[in-house]
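Please look over the protein shown below and work through the questions that follow it.

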Amino acid sequence: MARCPGCHADFGDLDGPVHRYIGANAACWHLYGTVLAGEVAGNTALTVDAYAAQHSGIESSQSKQSVAVHLVTLEAVLHRGISYRDAVNVRKD
């Protein structure tokens, strides 16, 4: 068994690709890709934000900024009722 350093879920050992700074082992990263592939096109946005916020990775300015952006987006959409499109547009400013 291999525990994911991000979500702490236990997975079977899998040798495969991982993201360069998101903190997930190969099995968790593979499952995430499988989930995204099975979602209806265009409805993956909150899944991406939730996964990225949960898998902060190795501490660096890039990983901290990434988590912050994804958490702010989730807060805007889930708690403040802002549309996802508007929340994403705020990211670009």
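Q: How many residues has α1, and what span does it reach from its first C-alpha to its last?
A: Helices (H or I, at least four residues) and strands (E, at least two) are DSSP runs, numbered from the N terminus, and the expected span of a helix is 1.5 Å times one less than its number of residues. For α1, with 13 residues, 18 Å is expected at 1.5 Å a residue. The predicted model comes close to this, for α1 reaches 18 Å.

Q: What is the basis of the values for this model, and what is its mean pLDDT?
A: This is a predicted model in which local features need pLDDT of at least 70 and side-chain atom pairs count only at pLDDT 80 or more, while totals for chains, interfaces and linings use all residues. Residues are numbered from 1 along each chain as its sequence is written, and side-chain values use heavy atoms, with hydrogens and water left out. The pLDDT is the predictor's confidence in each residue, from 0 to 100; 91% of the residues of the protein reach 70 or more, and the mean is 87.

Q: Which residues of α1 are buried, and what covers them?
A: Buried means under 20% relative accessible area, exposed over 50% and partly exposed in between (1.4 Å probe, protein chains only), and in α1 this class holds Ala26, Ala27, Cys28 and Tyr32. Contact means heavy atoms within 4.5 Å, and the cover over the buried residues of α1 includes β2 and α2.

Q: Which element gives the largest share of the largest nonpolar core?
A: A nonpolar core is a set of buried Ala, Val, Leu, Ile, Met, Phe, Trp, Tyr and Cys residues joined through side-chain atoms within 4.5 Å. The largest one has 9 residues, namely Cys4, Phe11, Ile22, Ala24, Ala27, Cys28, Tyr32, Tyr51 and Ala52. Two or more of these come from each of α1 (26-38) and α2 (45-54), and the largest share, 3 residues, is that of α1.

Q: Is Gly23 buried or exposed, and how far in space is Gly23 from Ser56?
A: Gly23 lies in the loop between β2 and α1, and its relative accessible area of 13% makes it buried. Leaving aside neighbours within four places in sequence, Gly23 is in contact with Cys4, Pro5, Gly6, His55, Ser56 and Gly57. Although Gly23 and Ser56 are 33 residues apart in sequence, their C-alpha to C-alpha distance is 5.5 Å.

Q: Which residue forms a salt bridge with Asp10?
A: A salt bridge is a side-chain nitrogen of Lys or Arg within 4 Å of a carboxyl oxygen of Asp or Glu, and a search of the whole structure finds 3 of them. Asp10 is partly exposed at a relative accessible area of 42%, whereas its partner is exposed at 52%. The closest N and O atoms of this pair are 2.9 Å apart, and the partner is Arg3.

Q: What is the N to O distance in the salt bridge of Glu59 and Lys64?
A: Glu59 counts as exposed at 64% relative accessibility, while Lys64 counts as partly exposed at 49%. Their side chains meet at an N to O distance of 3.1 Å.

Q: Which helix has the lowest mean pLDDT among the elements of the protein?
A: Where pLDDT is low, the predicted coordinates should not be read in detail. Among the elements, strand β2 (residues 10-11) has the highest mean, 94, and the lowest, 78, belongs to helix α4 (residues 84-92).
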